[in-house]
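Q: I would like a close look at one part of this chain, the hairpin that catches the eye. Please start there and then work outwards through the neighbouring elements.

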Amino acid sequence: MERYSIAPVIALKIDDRTDMEFSVEYINDRGPADFGISQFGKGVAPIPRSRVINDPNDTINKDYVSAGYSFEHRFNDNWKVRNGFRYLSYNYNYSVVALPLAVDGPTVTRFYADQDGEQQSYSLNTSVVGKFATGSVKHELLTGIDLNHNEDRIISLFGGPSSINIFNPDYNLASKPSRADLLPFNNTLNTSSRLGIYLQDQISFFDNLILVAGLRYDTVSQDTTNVQTGFVDGGRLEQSNDAVTPRIGLLYRLIPELSLFANYSQSFDPSSATTASGNPLKPERGEGFEVGIKTELFDQKLLGTLTYFNITKQNVAVTDPVNLLFSSAIGEQQSQGIEFDIVGEILPGWNIIGSYSYIDAKVTQDTDPDFVNNRLFGVPYNMASLWMTYEIQSGTLEGLGFGAGFNYVGDRYGDLANSYTVGDYIIGNAAIFYRRDNYRFALNFKNISNVDYIQSVTGNQTGIEPGQPFSLIGSFSVQF
């Protein structure tokens, strides 16, 4: 694997009230194409995390470019304007790969495929923030506009099947075809333009009662053009969607150390993903509310939040279970549960970040009735994490610090059919660091007990991604 990156940033202070920053990032990544491991029975195939079920010679080349600027001008202590622009480009190119699609016991059926993709995005945003009062009521107003244009082209080729035994793979059973031997599957160009206008007011009626109310309008137009192939009908499809999404929140401070809050919001998220037939997915829509308690202890050095949330989303894009290179949409999903977070300083030099969540996430509507009331894949009931650091505050070892913590993720289903699970895991992490003046050195130990675990799933029988083994990461930085 080869990976190169560069990310220069230039920050300019034009005057006391005006700042501007230019940034560019370039990443070139060339390495193996990894499609994970596969399902086996009601669980994950008991094979090494390094086992390849596609072909060891499959590769992918990726190029990523991000460039833009951010600008801020403060008219006075109460009013300021912000403006920013960002250009993104992402190109990828697979070699001819043996794409795993179906599992039957120890046998994985793969289809030879090739795919190239070109994605470009242009975003421009401008906002104004102002503080003022109407009598005894204080306001913090935010209003703005953002524009976005995306172009996304995907070219895919498809070929015949090839099988492999995951426990005893023989990668030489069949010769890999060349790109010229594959059939055109699809050639799709998807362009979209989006305009968003928003207005929000944070209203402080008293020192202990704050209301946040906002409204956003979005309009999106999409144009999808498909070249005729033996798998996809040619033609052009245009669709336009718009939405008004509100947001409202309330915070009431009972005492300086304890507050109650409640929020309600709606969302509208257009998708650039396409189905295997070349059609764009409908925008994802959602709504949700949360209520909870916030605490601020030890002069606001230790903060804790306990939240109940309930979120419903429609048209959620997921990987197509039949063709991993494309997407399909869940009709409706609902997630509800509780979350507890704590962050802050327990004692001088002793810091803590911790969280726990219980999530009941399920499909509530779908074109396949067998999926209704099934758990969402990859989402456990329970998750928890803890990270603590201690840094010596004085003496000859001042600046020397140590960190330790863990991540726990409960058992998860691997697909929407809930046909198999991928198990729970707990991994430990640690760190040693030293900082003095503007220098910082650190060693981070990841998965210190080298636990075998599953990091993520795609919702299919394949594409199951094992977690990273024990690793040691060193870093050194200088600020000037």
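In the hairpin of strand 9 and strand 10, which residue takes a positive phi, and how many residues lie between the strands?

A: Happy to take you through it. This is a predicted model, in which local features need pLDDT of at least 70 and side-chain atom pairs count only at pLDDT 80 or more, while totals for chains, interfaces and linings use all residues. Residues are numbered from 1 along each chain as its sequence is written, and side-chain values use heavy atoms, with hydrogens and water left out.

The residue you are after is Gly135, whose phi is positive and near 70°, in a hairpin with two residues between strand 9 and strand 10. Strands here are DSSP runs of E with at least two residues, helices are runs of H or I with at least four, and both are numbered from the N terminus. Strand 10 covers residues 137-165 and runs antiparallel to strand 9, with 27 bridges joining them. Two strands count as paired if DSSP finds at least two bridges between them. One of the facing pairs is Arg110 with Ser162 of strand 10.

Now step to strand 8, residues 97-104, which pairs with strand 9 in the antiparallel sense over seven bridges. Here Arg110 comes up again, since in strand 9 it stands opposite Pro100. Arg110 thus faces Pro100 on the strand 8 side and Ser162 on the strand 10 side. Strand 8 and strand 9 also form a hairpin with two residues between them, and Gly105 in that turn has a positive phi of about 65°. As background, most residues other than glycine have a negative phi.

Strand 9, residues 107-134, has a further antiparallel partner in strand 7, residues 79-94, over 15 bridges. In that pairing Val81 stands opposite Val128 of strand 9. Val81 also leads us onward, as it faces His73 where strand 7 meets strand 6. Strand 6 and strand 7 run antiparallel and are joined by 15 bridges, and their hairpin leaves four residues between the strands. From strand 6, residues 59-74, another antiparallel pairing of 15 bridges reaches strand 3, residues 18-32. There, Ile27 has Tyr64 in strand 6 as its bridge partner. When you look along any of these strands, it helps to recall that in a regular strand the side chains alternate between the two faces of the sheet.

Strand 10 also gives us a way further along the chain. Ser193 sits in strand 11, residues 183-206, and touches Asn148, His149, Thr219, Val220 and Ser221, not counting residues up to four places away in sequence. A contact means heavy atoms within 4.5 Å. Ser193 is partly exposed, with a relative accessible area of 31%; buried means under 20%, exposed over 50%, and partly exposed in between, with a 1.4 Å probe and protein chains only. Val212, placed in strand 12, residues 209-226, counts as buried because its relative accessibility is 14%. Beyond its neighbours within four places in sequence, Val212 is in contact with Gln200, Asp201, Gln202, Arg247, Ile248 and Gly249.

If positive phi values interest you, two residues towards the end of the chain deserve a look. Asp437, in the loop between strand 21 (425-436) and strand 22 (439-446), has a positive phi near 55° although it is not a glycine. Asn447, in the loop between strand 22 and strand 23 (454-456), is also not a glycine and has a positive phi of about 50°. Their surroundings contrast: Asp437 is exposed at 74% relative accessible area, whereas Asn447 is buried at 2%.

Finally, a step back to the whole chain. There are 25 strands and zero helices, and 36% of the 480 residues are buried. Among contacts between residues at least 6 apart in sequence, 63% join residues at least 24 apart. The C-alpha trace spans about 75 × 60 × 50 Å along its principal axes. The radius of gyration is 26 Å, which agrees with the value near 23 Å for a compact globule of 480 residues; this radius is taken over C-alpha atoms, and the globule rule is 2.2 Å times the number of residues to the power 0.38.
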